[in-house]
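Visitor: Could you take me on a close look at a single part of this model? I would like to see how one helix sits among its neighbours, residue by residue.

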Amino acid sequence: MGLKDFFRKGKLKENSKEVYRKFLLNLSEQPSNEYLRKLTVEAGEQYYGSLRKDGQLTENDRHAINRDINAAVEHKSIFIQ
């Protein structure tokens, strides 16, 4: 079961922005954890998708996720829209 399944089934009670923020914070502490990175990308996709009426990510959203992850890994401040 992936992260998206947890969101769909309501198992994650927090909003997608807060979940994504927490994943970014965890990734900043474990930057070499590839599984955590994958989950962080999924959380980012869920968050940025939630900002769209159709729920579909744009290319800019994908760039924003990469920027967010790079900033977290480089221990820069984590700022999400």
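Guide: Happy to. Let's start with Asp 61, which counts as buried at 3% relative accessibility. Please keep in mind that this is a predicted model. The side chain of Asp 61 meets that of Arg 52 in a salt bridge, with 2.6 Å from N to O. Arg 52 itself counts as partly exposed, at 33% relative accessibility. As a general point, side chains of opposite charge can pair when their charged atoms come close.

Asp 61 is one of the buried residues of helix 4; the others are Ala 64, Ile 65, Asp 68, Ile 69, Ala 71 and Ala 72. These residues cover an arc of only 160 degrees around the axis, so they lie on the same side of helix 4. The general geometry is familiar: an α-helix has 3.6 residues a turn, so residues three or four places apart point the same way. What about the face turned away from the buried side? There, helix 4 carries the exposed residues Glu 59, Asn 60 and Arg 67.

The length of the helix can be checked too. Helix 4 runs over residues 59-73, and at 1.5 Å a residue its 15 residues should span 21 Å. The end C-alpha atoms are 21 Å apart, which agrees with that expectation.

Arg 67 and Asp 68 make a nice pair to look at next. Arg 67 is exposed, with a relative accessible area of 53%, whereas Asp 68 is buried, with a relative accessible area of 5%. Their side chains nevertheless meet in a salt bridge, at 3.4 Å from N to O. The structure holds six salt bridges, and another of them lies in helix 3, where Glu 34 and Arg 37 are three residues apart and therefore separated by about one helical turn. In that salt bridge the N to O distance is 3.9 Å. Glu 34 is exposed, with a relative accessible area of 52%, and Arg 37 is partly exposed, with a relative accessible area of 23%.

Now to what lies over the buried side of helix 4. The cover of its buried residues includes helix 2 (16-29) and helix 3 (34-50). Ile 69 shows this in detail: leaving aside its neighbours within four places in sequence, Ile 69 is in contact with Leu 24, Leu 27, Arg 37, Thr 40 and Val 41. Arg 37 thus appears in the contacts of Ile 69 as well as in the salt bridge with Glu 34.

Ile 69 also belongs to the largest nonpolar core, which has 15 residues. The members that touch the most other members are Tyr 20, Phe 23, Leu 24, Ala 43, Tyr 48, Ile 65 and Ile 69. Helix 2, helix 3 and helix 4 are the elements that give two or more residues to this core.

Two of those core residues lead on to the aromatic rings. A search of the whole structure finds three aromatic pairs. Tyr 20 and Tyr 47 form a stacked pair, 5.9 Å centre to centre with 25 degrees between the planes. Tyr 20 lies in helix 2 and Tyr 47 in helix 3, so this pair ties together parts that are 27 residues apart in sequence. Tyr 47 also pairs with Tyr 48, this time edge-to-face, at 4.9 Å centre to centre and 65 degrees between the planes. Ring pairs thereby link Tyr 20, Tyr 47 and Tyr 48 into a cluster. Both Tyr 20 and Tyr 47 are buried; the relative accessible area is 4% for Tyr 47 and 1% for Tyr 48, which is buried as well.

Let's finish at the far end of helix 4. Val 73 and Gln 30 are 43 residues apart in sequence and 8.1 Å apart in space, C-alpha to C-alpha. Gln 30 is found in the loop between helix 2 and helix 3 and counts as partly exposed, at 39% relative accessibility. Helix 4 is followed by His 75, whose phi is positive, near 60 degrees. Which residues does Ser 28 contact, leaving aside its neighbours within four places in sequence? They are Ala 72 and His 75. Ser 28 is found in helix 2 and is buried, with a relative accessible area of 12%.

How values were computed: Residues are numbered from 1 along each chain as its sequence is written. This is a predicted model: local features need pLDDT of at least 70, side-chain atom pairs count only at pLDDT 80 or more; totals for chains, interfaces and linings use all residues. Side-chain values use heavy atoms; hydrogens and water are left out. Helices (H or I, at least four residues) and strands (E, at least two) are DSSP runs, numbered from the N terminus. The expected span of a helix is 1.5 Å times one less than its number of residues. Buried means under 20% relative accessible area, exposed over 50%, partly exposed in between (1.4 Å probe, protein chains only). The arc is that of the directions from the helix axis to the C-beta atoms. Contact means heavy atoms within 4.5 Å. A nonpolar core is a set of buried Ala, Val, Leu, Ile, Met, Phe, Trp, Tyr and Cys residues joined through side-chain atoms within 4.5 Å. Rings of Phe, Tyr and Trp (its six-membered ring) pair if their centres lie within 6.5 Å; planes under 30 degrees apart count as stacked, over 60 as edge-to-face and the rest as tilted. A salt bridge is a side-chain nitrogen of Lys or Arg within 4 Å of a carboxyl oxygen of Asp or Glu.
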